[in-house]
Each structure stands twice: as structure tokens, then as C-alpha cells.
Protein chains: 2
Amino acid sequence: MGKIRFYNAKILTMKDGSLIEGELWTDNDRISYIGPSCNNEESFEREIDCKGNTLMPGLKNAHTHSAMTFSRSLADDLSLNDWLFKAIFPREAKLTHEHIYWFTKLAYAEYLSGGITACFDMYPKRIESARAAVETGFRYVSCDDANDFGGMDLLEENYNKFNSYDPLVSYIYGFHAEYTTCLDNLKRVSELAHKYEAPVFAHISETKAEVEGCKERYGVTPAVLFDQLGIYDFGGGGFHCVWFTDEDMELFSKKGLWSVFNACSNLKLASGITPVYKFIEKDMNIAIGTDGAGSNNALSMFREMYLDTVLSNVLTDNAAAVDPFKILKAATTGGALCMGLNDCDVLESGKKADIIMIDMNRPSMQPENNIVRNIVYSGDNSIVKMTMIDGRILYEDGSFVSIDLDEVIRECNRLKKDLA
Amino acid sequence: MGKIRFYNAKILTMKDGSLIEGELWTDNDRISYIGPSCNNEESFEREIDCKGNTLMPGLKNAHTHSAMTFSRSLADDLSLNDWLFKAIFPREAKLTHEHIYWFTKLAYAEYLSGGITACFDMYPKRIESARAAVETGFRYVSCDDANDFGGMDLLEENYNKFNSYDPLVSYIYGFHAEYTTCLDNLKRVSELAHKYEAPVFAHISETKAEVEGCKERYGVTPAVLFDQLGIYDFGGGGFHCVWFTDEDMELFSKKGLWSVFNACSNLKLASGITPVYKFIEKDMNIAIGTDGAGSNNALSMFREMYLDTVLSNVLTDNAAAVDPFKILKAATTGGALCMGLNDCDVLESGKKADIIMIDMNRPSMQPENNIVRNIVYSGDNSIVKMTMIDGRILYEDGSFVSIDLDEVIRECNRLKKDLA
């Protein structure tokens with residue numbers, strides 16, 4: 001940590017689409033200066049010549065199940081329902097603390113290599129994900145996944161425990177989904193939301209069948225049900241939002257709730273295509289996540305951003321359906337605010353130093369007709385030259401600083417045998 | 001060149017989905033051995049410890065307009081028709097030989113960094129693309145783009161010139177599309193196809209409007225029209241194939257014609273989604289291309305492969321719509337055969353040494369539940385560790401051997417000012 005100086009940089013603060021040419025300094029976990037190059041007499045621990053590369057806020061993975069890297073390429077060819085109940089749940093029942101620790105660490109390595117500086121992670125045995133995060137220096141926001149099969153009794157304990165665990169760790173109330181959580185349990189979530197004046201998140205309207213099932217049970221959509229129960233009285237939102245009705249959108253819009261998109265997973269599981277353009281037209285609060293590796297299968301925010309633009313194009317028969325800057329904003333600022341990381345949203349003096357460097361010397365980033373569009377339309381993990389979290393460089397030029405990747409790969413391939 | 005030994009490799013020959021653990025040797029431009037590790041007394045110019053990484057045939061970009069890198073992120077938000085006639089054609093009119101040379105070289109760099117070892121390129125001033133290919137060591141197959149606005153008189157000359165230019169260069173008859181090529185010119189193409197008993201390719205059924213226009217003009221679809229004119233009597237195929245009718249598919253199937261998919265470009269320009277699963281169900285000849293950087297915007301075969309699987313899922317409401325191995329086969333073997341590179345289709349002793357190494361030490365490639373699925377569902381340019389063409393390593397660990405990338409970037413950014 002200490003003080004680091006980046007110079008000869010293009011800086012995309014994400015406050016707007018403009019680029020600052022100049023310098024960015026960090027002082028421990030914070031940004032201390034952004035502006036033109038200046039003769040300074042400060043001493044730095046390290047001075048990095050960016051050679052015209054672009055600094056921008058880290059990508060925020062606003063919905064994922066990190067430890068599900070265990071299931072990558074394992075059961076690819078099932079619908080959501082069969083995939084969950086036949087392939088995933090039986091294997092998840094076998095997951096030990098050791099599995100969670102190592103497969104989460106593998107996901108953190110993938111996040112760092114893809115410019116992701118924080119994840120909104122929904123997975124049990126979260127003590128292991130927290131431990132791996134602190135060891136790695138990764139920013140981990142746990143979203144609870146309590147449901148009828150477990151976790152309800154731990155909600156309040158988790159809230160207090162993980163919100164005081166470490167500065168890199170925080171916790172937000174959540175539950176798996178309407179179709180896995182009975183009315184009594186939904187009411188318990190609502191009570192806690194009220195007691196702590198806290199936001200709540202859940203999977204919502206991911207499949208058509210989920211919405212139809214909820215309507216049969218309660219006569220309303222999941223969004224309306226949760227709102228009627230007071231679950232959203234202090235904010236929150238939902239993951240997927242593929243099958244939102246106009247009423248759901250109106251509700252989310254009015255309450256400022258967060259809609260988190262997971263385009264890849266929805267395509268892969270044949271769940272549907274979220275009409276992202278509609279959310280943008282209404283200027284709603286939006287963020288983007290990868291979902292887990294079992295259903296994506298990559299944990300790449302670049303692929304998500306790309307799809308959120310072009311799928312809107314083909315849905316609307318309009319090649320200009322979505323402004324790519326708004327998608328990049330959702331993937332950075334939106335994600336940060338969605339998961340309560342109010343100091344990680346943009347690059348600005350005083351904000352947290354969660355910063356990535358985009359390598360403009362990759363062919364796909366050239367020519368520089370428009371850097372934002374280059375990133376959104378042509379970016380992939382190969383353009384990430386550096387990832388810094390909390391002022392600490394954790395990934396640079398393909399190498400990991402705080403993760404022994406050989407060890408992680410060895411352990412994951414040993415442990416996957418338990419889950420075959 | 002000379003002799004190179006790769007050992008400790010997993011080898012995906014693409015003859016089938018199996019992996020050989022062992023060695024691959026090259027001798028100048030050819031593969032000389034694939035098999036188990038053996039004590040040998042041969043001397044090699046270089047011996048490469050693959051450390052468990054995967055060798056496979058290079059990806060074949062079976063439809064592109066390489067020099068269109070000039071237009072990346074330049075005019076992103078227009079429909080195909082406006083994009084072509086308002087944004088692209090006026091700028092293309094300004095392209096000099098110098099533009100074509102440098103912007104094509106930028107595309108070749110992107111291909112190498114993305115594991116692409118050959119391109120089926122449709123762009124004028126092809127002497128510059130051929131020159132850049134030979135200088136780079138890249139495998140360039142030119143497809144003619146003649147149309148009513150130019151090129152018809154050069155078809156025969158081009159055929160003879162570029163098929164004897166250099167072993168890395170070849171040429172296949174083509175024309176732009178039905179809507180830019182009048183009946184007389186289509187007949188001229190057919191005559192040449194007959195004279196040389198040669199295959200012919202063109203853009204085909206890319207948009208609904210194109211098919212409707214053709215039906216108004218001729219009462220049949222473009223595929224049927226071309227066939228009626230004898231254009232397909234010696235093989236060939238079409239690019240895009242988004243709006244194929246059952247009759248078109250039957251025709252292509254019966255004649256063994258090649259359908260080349262361009263999912264990213266079709267989404268971006270809101271042209272539609274090709275029902276890839278139907279072509280696979282009928283066991284048709286299929287290949288995959290990126291189209292040009294103006295309409296994609298990346299030149300990534302990984303993104304194309306991924307979309308060809310998951311878009312079929314969402315179209316059919318079936319999470320197992322397409323076998324990912326068949327997509328990887330289309331992107332390698334299919335592409336090679338489509339563009340006449342019969343010695344570049346699979347890894348086998350005696351075949352051309354057009355080989356890439358997949359870095360299994362990237363987090364997205366782990367755990368190794370299924371390597372083919374990892375590549376198709378989770379791959380991007382960051383997993384390409386090495387690209388070899390004709391027995392020569394041209395890209396390795398992020399560095400280019402035969403391209404001065406700094407110079408290419410400098411020249412492209414200078415030249416783009418002419419096209420603003």
C-alpha cells in the first residue's frame with residue numbers, strides 16, 4: 001500500500017464519459033489526487049508510467065455465487081429447474097468449508113484477472129468466502145441466500161457478524177427466491193429489514209415459470225409480493241429481472257430499487273432476455289452481475305456488458321437501443337451503489353482506490369475512436385493490465401500478488417473429485 | 001521454423017472430442033508427430049514445456065473484413081442499411097492502399113492475440129492484405145467482394161494472381177451480395193465459377209429486408225437465385241444466413257454449401273439471430289466468422305462460439321440446444337474446409353502446423369471438468385498463450401514476433417484522422 005503515483009494515464013472517472021489525461025495518486029486505501037501532471041515533491045512508494053493506458057473504477061460483479069466455480073462445465077445442458085434440482089442442489093449438499101474456501105478463491109482470481117474489484121456474493125458458508133477475501137485483499141459483499149432449506153435462523157447473526165468482520169467485508173440481507181421461501185420466512189426477512197432499516201435482495205422473475213408459480217400462490221408477481229410484505233421498505237432489489245411486468249418496473253422505479261442483470265446466465269439456461277433498454281429508458285437503478293460459473297460459465301463482466309447492449313438492439317430492431325456509457329456506468333458505479341459500496345463508485349479524490357488499468361496496447365482496444373465503446377463492445381479479460389483494491393495492486397500483467405494460483409488450481413482439481 | 005517439440009501437452013486434435021496427453025512436434029510448416037511422450041534422439045530448435053496446457057488447431061475466422069478495424073467504435077448506433085450507406089461506404093471511398101495495409105495489420109495482430117490462424121477476408125485493395133499477411137506470416141484467404149460499384153472486371157485476374165502469390169495467400173470467388181450486384185454481374189460470376197470449376201461465396205440473407213427485396217426483384221430468395229444462376233455448381237456458400245428459409249437450408253444441405261455464422265454482428269446491427277441449432281440438426285457444413293470490427297466490434301472467435309451456443313438455447317427454450325464440441329469444430333475444422341485450407345483442419349501428422357496453445361492456468365479455464373466446454377463457454381482472448389502459423393510461432397505470452405504493434409497502433413491512429 002502506501003502512496004502510489006500513476007502518470008501518463010487516461011482517466012475515466014465514470015462521473016461522466018469524459019477522459020482526464022494526467023495523473024492519479026493513491027494514499028493507502030484512498031485516492032488522493034486526480035488531475036493534470038504536476039511537478040511534485042511528494043515521495044511515492046511506486047511510480048507507474050501508464051503509457052497512455054486507461055484507469056477506471058473496478059468493475060463490480062453485482063450478482064454471483066463465487067464458489068460455484070466447482071460446477072463450471074459440469075452440467076451445462078439442463079434447464080434452470082433441472083439444473084438446480086438435479087445437478088446443483090445434490091452437489092451443493094456435499095460442499096464442505098474446504099470446498100467453499102478454495103473454489104471461492106478460484107473465483108476471486110478470475111475476478112481480479114477480469115478487472116472486478118468487488119462481488120455481491122450469494123452463497124452459504126460465507127465465513128470461508130470472507131476469510132478468502134481478507135487473505136486475498138478482495139472486496140466481498142455477502143448477500144444472504146436464506147430459504148426454507150436453511151439459513152433463516154442465522155440471518156440476524158450473519159448481519160451483525162459480517163458487517164463487523166473486516167473493512168473488506170460487508171453483508172446485506174437477502175433470501176434465495178420466492179419459490180424456495182415460504183410466506184412465514186418472507187415475513188421474518190421483512191421483520192429484520194425493518195428492525196435494521198436495511199435493504200433486501202433476492203432472485204426475482206428469473207424464469208417465466210417462477211412468475212407464474214408466484215401468481216398462482218399469491219395472485220401477484222414476486223416483486224409486488226415482496227413489496228406488499230414490506231421487504232423493500234428500506235431499499236434493496238432483485239437479481240435477473242427477466243420477466244418483469246410493467247407494474248414491477250413501476251414499483252422498482254418508484255422505490256429506487258436495484259435491478260441486477262445477468263444476461264449470460266439467462267441465455268445459457270434459456271431463461272429469457274431481459275429488456276435492458278426499458279430499464280434505461282426509465283432511468284432506473286441498474287447493475288450487472290455474472291451469476292455463478294455453473295450457469296454462465298465465465299465470470300466476465302465484459303461479456304455481460306456487451307450482451308446488455310447488443311441484446312437490446314436485437315430485441316428492439318434498433319442498432320442504437322442502449323448507450324454503452326450507461327452500461328459501463330451500471331457495471332461500475334451502479335454495482336457499487338447497489339451493494340452499499342458508496343466510496344467505490346467513481347474515481348475521485350477521497351474515494352476508495354478500487355482501480356483497474358485497461359491495456360490500450362491490445363489490438364482490440366485500437367484505434368482509439370471511442371474508448372468507452374472500445375471497452376463495452378470489444379473488451380474481454382485480456383485488456384485488464386492491473387487490478388487494485390483498497391489501494392493495493394493485486395493483479396498485474398497476468399500475475400497474482402496475493403493468490404498462489406498454482407495452489408488454488410491444484411486444490412480445486414483435488415476437491416472437484418468429491419463432487420463428480 | 002525448423003523443428004519444435006511441444007511436450008507435457010494436452011492435445012485436442014479436433015478429429016473428435018478426445019484429448020491426447022503427450023507431445024506434438026513440428027518440422028518446418030508441418031506437424032511431424034503427435035503421440036505419447038517418448039525418448040527421442042532428434043534434435044529440436046526449441047523444446048517447449050506445455051505444463052499441461054492444451055494444444056489445438058487455430059481458430060479460423062471464416063468471414064471478416066479485416067481492414068474495417070478503422071471503423072471500430074466509430075459509428076456504432078445505426079441499422080445495417082444506414083450503417084453501410086451513411087457511415088461506412090463514404091469512409092471506405094477514402095481508403096487508400098496505406099489505410100488498408102495498416103488497418104489490416106492491426107486486425108492480424110488481433111487475430112493472433114485471439115488464437116485465429118487464418119481469415120476469410122472480404123475487402124478490396126487485397127494486394128495490401130496479402131502483403132501484410134506475408135510480412136506477418138499470417139494465413140490470408142481472400143474472398144472477392146465484387147459488386148456493381150466495382151471489382152467485376154478484376155475477378156479473373158484476382159483469381160489467378162492471388163492463388164499464385166504466396167503459400168500463405170489464396171483466393172476464392174465471391175461478390176458482395178444480391179442487393180449490390182445486378183443480374184448481369186451475377187451471371188458473370190457464374191461464368192467464372194464454371195470456367196474454373198470454383199466455389200463462390202457472398203453475403204446472404206443477412207437481413208429480412210435483403211430477403212424481401214430479392215423476392216420482389218426475382219421472386220425467390222438469394223440462395224435460390226444464386227443456385228438457379230449456377231453460381232453454386234462448384235460449391236461455396238454464404239455469410240450470415242440469418243433469414244434462411246427451409247428451402248434455402250435444404251438447398252445448402254443438399255449441395256454441401258457452407259453457412260458461415262456471424263452472431264455478434266447480427267445482434268449489434270439488429271439484423272436478427274441465426275437459428276444455429278437447425279443447421280446442426282441437419283448436420284450441415286458450418287463455419288464461424290467475426291465479420292468486421294465496425295459491426296462487431298471485437299474480432300473474437302471466442303465470443304462468436306459462445307453466442308452460437310447460448311443464443312440457440314434461448315431461441316429453443318432448451319438449455320441443451322447445441323453441442324459445444326460441434327461449435328468448436330465449426331470454428332476450427334469447418335472454417336478451414338470452408339475456405340479451402342484442407343491441410344489446416346485438424347492436428348495430425350502431415351497437416352500444416354497452424355496451432356494454438358490454450359493457457360489452462362487462467363482462472364476461467366479451471367477446474368478441468370471439461371476442457372472443450374471451458375473453451376467454448378468461458379474462453380476469451382486472455383486464454384491464448386501461443387499462436388503458431390505454418391510452423392512459426394507468431395504470438396507468445398502477449399508478445400508479437402512478426403508485428404511491431406507500437407508502430408501499427410501509431411500508424412492506425414495517424415491514418416484514422418483521414419476518416420473522421
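Domain bounds are those of an automatic or database domain assignment. On this basis, chain A of the predicted model comprises two domains: domain 1, formed by residues 3-57 together with 351-400, and domain 2, spanning 59-338. A distance of 28 Å separates the C-alpha centres of domain 1 and domain 2 of chain A.

Contact between the domains of chain A involves 22 residues of domain 1 and 24 residues of domain 2, where contact requires C-beta atoms, placed from the backbone, to lie within 7 Å. On the side of domain 1 of chain A that touches domain 2, two or more residues each are given by strand E5 (54-57), helix H13 (371-378), strand E15 (384-389) and strand E16 (392-396) of chain A. Of these elements, H13(A) gives the most to that side, with five residues. By class, the side of domain 1 of chain A that touches domain 2 of chain A consists of 13 nonpolar, four polar and five charged residues.

The arrangement of the two chains was examined next. A turn of 180 degrees, with a shift of 0.0 Å along the axis, lays chain B on chain A with an RMSD of 0.0 Å. The two copies are therefore related as by a two-fold rotation axis. In chain B, the C-alpha nearest this axis belongs to B:Ser382, at 2.1 Å from the axis. Of the interface residues of chain B, 100% are also interface residues in chain A, so the copies meet through the same surface.

Notes. Residues are numbered from 1 along each chain as its sequence is written. Chains are lettered from A and ligands numbered from 1 in the order in which they are written. This is a predicted model: local features need pLDDT of at least 70, side-chain atom pairs count only at pLDDT 80 or more; totals for chains, interfaces and linings use all residues. Copies are superposed by least squares on the C-alpha atoms of residues with pLDDT of at least 70 in both. Two residues are in contact if their C-beta atoms, placed from the backbone, lie within 7 Å. Helices (H or I, at least four residues) and strands (E, at least two) are DSSP runs, numbered from the N terminus. Ala, Val, Leu, Ile, Met, Phe, Trp, Tyr, Cys and Pro count as nonpolar, Asp, Glu, Lys and Arg as charged, and the others, Gly among them, as polar.
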